[in-house]
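Biologist: Before I plan anything at the bench, could we walk through the pockets, the cavity and a few local features of this protein together?

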Amino acid sequence: MIDPNLFAEPQALDRVQHRAMRLKPGIRYDRTAGMNALFITAAEFTHVCREYPIAFVEAGKGPDGQRDVAPVALLGLRQGENLMLRPDGGWAARYTPALLRGYPLGLARVGNDRYAVCIDAKSGALSSDEGERLFDDTGEATPFLEEQRRFVEEIEREAERTRQLGRRLLELDLLRSMRFDATLPDGQKITVDGILAIDEERLAALPDAVVIELHRNRALAVIHAQQLSMDLMRALVEKRIAQRPTA
């Protein structure tokens with residue numbers, strides 16, 4: 001998938017245009033400098049919930065006109081604030097969400113059932129002499145590019161499964177609007193709203209048959225991971241105090 005907050009200029013890889021190009025190594029954390037949330041898939045929840053608060057956000061409507069929601073790892077407490085990006089350019093968490101690990105490559109739909117591997121042309125990741133080649137001299141994808149393609153394709157598959165999970169949560173009316181308030185040592189108040197979280201009362205009231213369904217399709221583990229992760233909202237406040245003590 002192509003996150004417009006990450007990709008400044010997505011461009012389909014071309015065996016002619018990019019034949020001699022190489023992809024520089026390393027994760028480009030700097031692209032998240034203005035992001036306070038990053039999309040994650042349901043398959044990542046057990047990893048993400050240990051280091052990031054997880055919330056759901058409105059994601060418009062799908063091709064069928066139905067409402068969609070998407071889960072995100074919260075990176076900051078305000079718009080444009082990423083507390084996981086360290087001043088030295090490193091990352092302040094052990095786990096990096098898959099979407100960022102795949103960047104600057106991503107999968108974009110180019111037809112009803114066709115996708116193309118794209119690269120962010122403004123990522124600065126392409127080089128003529130540094131990194132791994134994307135195509136060989138005959139224009140065929142290298143084993144490296146095939147490996148990267150499989151990775152971004154898996155993200156796309158998991159993103160679709162995650163979308164279906166979100167719809168099931170909506171059907172069961174398990175998501176509620178959430179607001180988080182905090183006061184910094186200098187008296188400054190912070191409010192985080194516009195996010196959705198699991199409604200514990202509605203979850204507890206579900207019929208046994210639905211709980212068993214959610215358990216069997218692994219949705220229940222995702223739900224519990226989201227609930228546990230909200231304790232980390234306080235950790236974001238602490239990161240903000242540590243990184244911006246005079247803000």
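**Cavity, pockets and local geometry**

Modeller: In this predicted model, the lining of the largest cavity divides into nine nonpolar residues, two polar residues and no charged ones.

Biologist: What is the volume of the largest cavity?

Modeller: A search of the whole structure finds one cavity of 30 Å³ or more. Its lining includes Met1, Phe7, Leu99, Tyr103, Leu105, Val152 and Ile155, and helix 2 (98-102), strand 6 and helix 3 each supply at least two residues to that lining. The volume of the largest cavity is about 40 Å³.

Biologist: Which element gives the largest share of the lining of the largest pocket?

Modeller: The largest pocket has a volume of about 990 Å³ and is lined by 39 residues, with Met1, Phe39, Val57, Ala59 and Ala70 lying nearest its centre. Among the elements that each supply at least two lining residues are strand 4 (54-61), strand 5 (67-74), helix 3 (143-171) and strand 11 (189-198). The largest share, six residues, comes from strand 5.

Biologist: How many residues of the lining of the largest pocket are nonpolar?

Modeller: The lining of the largest pocket, made up of 39 residues, can be divided by residue class. Nine of these residues are polar and nine are charged, while the number of nonpolar residues is 21.

Biologist: Which helix gives the most to the lining of the second largest pocket?

Modeller: The second largest pocket, with a volume of about 330 Å³, is lined by 15 residues, of which Ala42, Asn217, Arg218, Ala219 and Val222 lie nearest its centre. The elements that give two or more residues to this lining are helix 1 (45-48), helix 3 and helix 6 (219-229). By class, the lining has seven nonpolar, four polar and four charged residues. With six residues, the element that gives the most is helix 3.

Biologist: Arg218 lies by the centre of that pocket, so to speak, among the residues listed; is Arg218 buried or exposed?

Modeller: Arg218 is placed in the loop between helix 5 (208-216) and helix 6, and its phi is near 70°, a positive value in a residue other than glycine. Most residues other than glycine have a negative phi. Because a residue counts as exposed when its relative accessible area is over 50%, and Arg218 has 66%, Arg218 is exposed.

Biologist: What is the phi of Asp173 near?

Modeller: Asp173 is found in the loop between helix 3 and strand 10 (175-183), and with 41% relative accessibility it counts as partly exposed. Like any residue with this sign of phi that is not glycine, Asp173 deserves a look at its backbone angle, which is positive and near 55°.

Biologist: Which peptide bond is cis, with omega near 15°?

Modeller: Most peptide bonds are trans. Pro104 has its place in the loop between helix 2 and strand 6, and the cis bond is the one that runs from Tyr103 to Pro104.

Biologist: Which residue in strand 7 stands opposite Leu105?

Modeller: Strand 6 (105-109) is mostly covered, with four of its five residues buried. Strand 6 pairs with strand 7 (residues 115-120) in the antiparallel sense over five bridges, and the two strands form a hairpin with five residues between them. Opposite Leu105 stands Ile119.

Biologist: Why is one side of strand 8 left without a neighbour in its sheet?

Modeller: Three strands form an open sheet with antiparallel pairing, in the order 8-2-9. Strand 8 and strand 9 (132-133) stand at the edges, so one side of each is left without a neighbour, as each has a single partner strand. For strand 8 that partner, joined to it by two antiparallel bridges, is strand 2 (residues 22-23).

Biologist: Is Ser127 buried or exposed?

Modeller: Ser127 is found in strand 8 (residues 126-127), and leaving aside residues up to four places away in sequence, it touches Ala20, Met21, Arg22 and Lys24. Its side chain also reaches the backbone nitrogen of Glu130 at 3.0 Å. Because buried means under 20% relative accessible area, and Ser127 has 8%, Ser127 counts as buried.

Technical notes: Residues are numbered from 1 along each chain as its sequence is written. This is a predicted model: local features need pLDDT of at least 70, side-chain atom pairs count only at pLDDT 80 or more; totals for chains, interfaces and linings use all residues. Side-chain values use heavy atoms; hydrogens and water are left out. On a 1 Å grid over the protein atoms alone, a cavity is a set of points where a 1.4 Å probe fits but cannot get out, and a pocket is an open set with protein on both sides within 12 Å along at least five of seven lines; lining residues have an atom within 4 Å of a point. Grid points are joined across faces, edges and corners, and a volume is the space filled by probe spheres set on the points. Ala, Val, Leu, Ile, Met, Phe, Trp, Tyr, Cys and Pro count as nonpolar, Asp, Glu, Lys and Arg as charged, and the others, Gly among them, as polar. Buried means under 20% relative accessible area, exposed over 50%, partly exposed in between (1.4 Å probe, protein chains only). A polar contact is a pair of N or O atoms within 3.5 Å; within protein, one must be able to donate a hydrogen and the other to accept it, and residues adjacent in sequence count only if both atoms are side-chain atoms. Contact means heavy atoms within 4.5 Å. Two strands pair if DSSP finds at least two bridges between them.
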